[in-house]
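Okay, thanks for making time, everyone. I'd like to walk you through one model today, piece by piece. Have a look at it first, and then we'll start with a pair of residues.

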Amino acid sequence: MKCLYDWLTDALQDSSHVLTASRRLARVLQLEYGAQQFAAGKSAWRSPVILSWPNWLIEIIATSKDPQSLPTRINAHQSRMLWERCLRREVNDPLLNIALLARQSMESWSRLQEWSVPLGDIADAAQGKDRKLFAQVAQNYQSILDRENWIDAAGLPRLATHLVCERSVVLPPAVTLAGFDRIVPQVNILLDALRNAGCDVEIASSSQAPGSGTLHSYENRDAELRAAGAWARRKLNQSGEQCIAIIVSGLEQDAPRYARLVKEGLLPGWQYGDSRYDDVVNVSYGKNLVAYPAIAIAALALRWLCKDLSSAEVSLLLRSPMLGQSGDDGRIRLELRLRQLPDRLWSPAMLLAELDRQHDSAAASDWLERVRALRDCRAGLPQRNAPSAWAALFDALLDTLNWPGSAPLNSREFQLINRWRELLNDLARLELVTPTMTIAEALGHLLAMGKETVFQPEAEGAAVHLLGPLEAAGMQFDQLWIAGLSASDWPPAARPLALVSRDLQRSHGMPDAEPRDTLDYAHRVISRLISSSPQTVCSYPQTDNNAEQTVTGLLAEFDIEAVAGPDDPHWHASQLVNTASVAIVTADPVPPVGDNETIAGGAATIQRQLTDPFSAFVLGRLGVRALSAITAGLAPGIRGNLIHGALHCLYADLPDSHAIAGWDEKDINDRVVAALASSFYRLERNADPVLRYLLMLERRRVTELLKGVIAMDAARETFEIAGVENAVDAEINGIRLHLRYDRVDRVDGDQVVVLDYKTGVPKRLLDRNGNPKEMQLVTYACAITDPIAGIALVNIDTRDIAIDAAGRTFTPDLDWDAALSRWQEQVRDAAGELRNGDVRINALQSIQDARPLSLLSRFLELHCDA
């Protein structure tokens, strides 16, 4: 196989330097140089000087004979803070996004420095409010740099040029530039200075001219990238030692998705494999640092130092294995408890007050102990502190929280955590430009830096490289596929500087100032890509976002032949659909209910057995529970529990109808106030201001509902309340159930009426055929030994408070004893089916009703066949 980068060894002779346009290319060349030396039979060699251009500038300036006279170098984060400070001095508009404007200003400043545009020219050419603002802020920014003797990254080439001209730095005998699509004037000035100082300057280029290639079209971008992955797999099967790359335009827009599409063709079924397959495709573009889960959890924990967190955010911290000690399921139970509470803003102290007594496990105790440490840290925070002190505090707190967890780190995770610690060091370095700041400012700067930092871990052993057109500059490949070569994407849209006069940009020949420049640059990039491989595959999608596409005209002058390309392998999962006919269904009966087995879910499980036996088995016997959603405000379930709790307290002394009818207004008010206090206290004691206000409104509503229930009961015929919220252990046809009924009233001596409160939308007890719509009350009737005179739903709603009942006095036209016996027999039959292991699936239920458990059953298949 032909050697790639055959110029590299010669370029590094006599301690010469190789300078690259990107850090990625520098890493590639370092590895390639080592491989070449090893192939030449060497067992040891001098470490080569292969550096990216920014790193080489820092290294060469560091060799200055008089380092004390050098200005202090500030990094990009320090520079951004200076730009924000300068902008705030000129602009006092609260609606203006200063951070965004600072980034745009930094980009404009960097390009102006690259083209050596004087500040005076910028000010003279400025027209319009925004451009004049930038010109003024740029002058202020430069004044600060001069006054403080600072220099930013954009000024390093100018400083290096000065030092080279002064002969005050150590120069190599030669430098070779690699991967530069465009050498800017600022770099050219430095290169001329190097030549004048006796340093040879060479430009590395591919040893081959643009070769031949093929052009393929695909239905859409997804099909195109899947086909590219399948092509790469075939090439690897031919030879596993090849360097294979896929170039994708706009990779930075959604790199993870594009990588998944390529892996669909490269490694069908990769989703079912382990973590080894994560690195099979090496993507050149990473994600923002704070987008990685470990960093997001760290940032969320640190935010708790200065801001209260919502229930959803606290839930993330509770469920994350990256904080505290893992072990038993105690933290999961705490999280489930949190879901039963109204959403609110939790301070650490408030959360501890609510959950500190709600656990009985080592893992939960450990987590709460760490929250207690965070609470104490928050209580002792100074008003202002140095950035370095804040960085040290953040690092120490994360260590106290046992971040990033107890599990050993793999290579990717190790690199990620190290990059985070580098970011903390960058925060500490802000002290140079801002001596003190509040914790909110420090955390804001830290997270802003994290969003600006794109992190991509170094991957070893990748089979295929997925690159953007610019990231591939200077690289050479054995096999290359260039995707996305549509006319709408090539040439890419021009991006001239918005804060600088277009006339000024034209006069200095700056990028994208003229359409011709954009076209020429795109042609240069395409030519470089095609020249980087002896055989190139080009492709484009026929449609993109429902718009028809054509191939770019930039390929016209190259030897590219349009032919039918490799087929789209489609989604691997779609292949599994055709295997249904050969699937083997094995008998796997559910064992009957054991002698000591207690069924969970109470009467609701019996009702599920009547409508969908499989869900009764999952919820009643396996104990599966749907998670309560964390919702804003007071969830319907919480509001219902408040009413049930208040009704329990209202009638806790079991009054009869005569006593209720005799209560005067003061008696009613006293009872209602006491009932509300008992029911609402648990939620009010740790409520934030918003929740406290919502609970106040709910108190008003429940007050009227309780008075309405009292009025309804006062108007009823004679009864005596026999029990409220009573728990009953029952056995029905061989299954044991824990039941809890809302209320039982005694009537006509020894007979009882079973009542169930309904606090949502009003419900009817019986359907049009005179049968119960739900069997909950009938199940209670099976468990109660007293004669049943009736069953009743008590609908409690602001629209109406009324009883919907069936029984001897409620439905005189109904043969009550026969009807109740028939209904009870249905409950016993359902209990027997559940006892015997019935797991039938109701294929006729709605998809919405089946969705929570559909992953555990064959509902979808049965639904489609029904």
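So, let's begin with valine 175: its bridge partner in strand 6 is valine 201. Before I go on, please keep in mind that this is a predicted model. Strand 5 and strand 6 pair in the parallel sense, over 4 bridges.

Now zoom out from there. We're in an open sheet of 4 strands, order 2-1-5-6, with parallel pairing. At the edges you've got strand 2, residues 49-52, and strand 6, residues 200-203, each pairing on one side only. On average, neighbouring strands in this sheet are turned by 20 degrees against each other, if you ignore direction.

Let's go along the rest of the sheet. Strand 1 and strand 5 are parallel too, again over 4 bridges, and leucine 19 stands opposite leucine 177 in strand 5. Then strand 1, residues 17-20, pairs with strand 2 in the parallel sense over 4 bridges. If you want a residue pair to click on there, take histidine 17, whose bridge partner in strand 2 is valine 49.

Back to strand 5 for a moment. How many of its residues are buried? It's 5 of the 5, so strand 5 is largely enclosed by the rest of the structure. As a reminder, side chains in a regular strand alternate between the two faces of the sheet. Here both faces are covered: Ala174, Thr176 and Ala178 are buried on one side, and Val175 and Leu177 on the other.

And what lies across these strands? Helix 3, residues 53-61, lies across strand 1, strand 2 and strand 5, and it runs at about 115 degrees to strand 2.

While we're in this part of the sequence, have a look at glutamine 37, in helix 2, residues 23-39. Buried or exposed? Glutamine 37 is buried, with a relative accessible area of 4%, and the cut-off for buried is under 20%. Leaving out residues up to four places away in sequence, glutamine 37 touches Thr9, Lys42 and Trp45.

Next, a helix pair. Helix packing is described by the angle between the two axes and the distance between them. For helix 14, residues 330-339, and helix 16, residues 362-379, the angle is about 65 degrees and the axes are 6 Å apart. Angles from 65 to 115 degrees count as roughly perpendicular, so that's what we call helix 14 and helix 16. On the helix 14 side, the contact is made by Gly330, Arg331 and Leu334, and on the helix 16 side by Ala363, Ala364, Trp367 and Leu368. By class, that contact comes to 5 nonpolar, 1 polar and 1 charged residues.

Moving along the chain, histidine 572 sits in helix 22, residues 572-577. Histidine 572 is buried as well, with a relative accessible area of 14%. And what is it in contact with? Setting aside neighbours within four places in sequence, histidine 572 contacts Glu264, Pro268, Gly269 and Tyr272. For a sense of scale, its C-alpha is 47 Å from that of glutamine 826, which is 254 residues apart from histidine 572 along the chain.

A word on confidence. The protein chain averages a pLDDT of 90, and 96% of the residues score at least 70. Residues 579-583, though, are below 50, and that stretch has 0 contacts in the model beyond near neighbours in sequence. Where pLDDT is low, the predicted coordinates shouldn't be read in detail.

Then there's helix 24, residues 613-621. Here 9 of the 9 residues are buried, so helix 24 is largely enclosed by the rest of the structure. Among them are Phe614, Phe617 and Leu619, and also Arg621. What do they pack against? The buried residues of helix 24 pack against strand 18 (598-599), helix 23 (603-611) and helix 30 (816-835). Just after helix 24, you'll find glycine 623 with a positive phi of about 75 degrees.

Last stop, strand 22, residues 788-796. Strand 22 is mostly covered, with 9 of its 9 residues buried. It runs parallel to strand 21, residues 751-758, and 7 bridges join the two. To find your way in, look for tyrosine 757, which stands opposite valine 794 in strand 22.

That's it from me, so let's open it up for discussion.

Note on methods:
Residues are numbered from 1 along each chain as its sequence is written. This is a predicted model: local features need pLDDT of at least 70, side-chain atom pairs count only at pLDDT 80 or more; totals for chains, interfaces and linings use all residues. Side-chain values use heavy atoms; hydrogens and water are left out. Axes are lines fitted to C-alpha atoms, for helices over the stretch in contact, and angles run from 0 to 180 degrees between N-to-C directions. Angles under 35 degrees count as roughly parallel, over 145 as roughly antiparallel, 65 to 115 as roughly perpendicular and the rest as oblique. Contact means heavy atoms within 4.5 Å. Ala, Val, Leu, Ile, Met, Phe, Trp, Tyr, Cys and Pro count as nonpolar, Asp, Glu, Lys and Arg as charged, and the others, Gly among them, as polar. Buried means under 20% relative accessible area, exposed over 50%, partly exposed in between (1.4 Å probe, protein chains only). pLDDT is the predictor's confidence in each residue, from 0 to 100. Two strands pair if DSSP finds at least two bridges between them.
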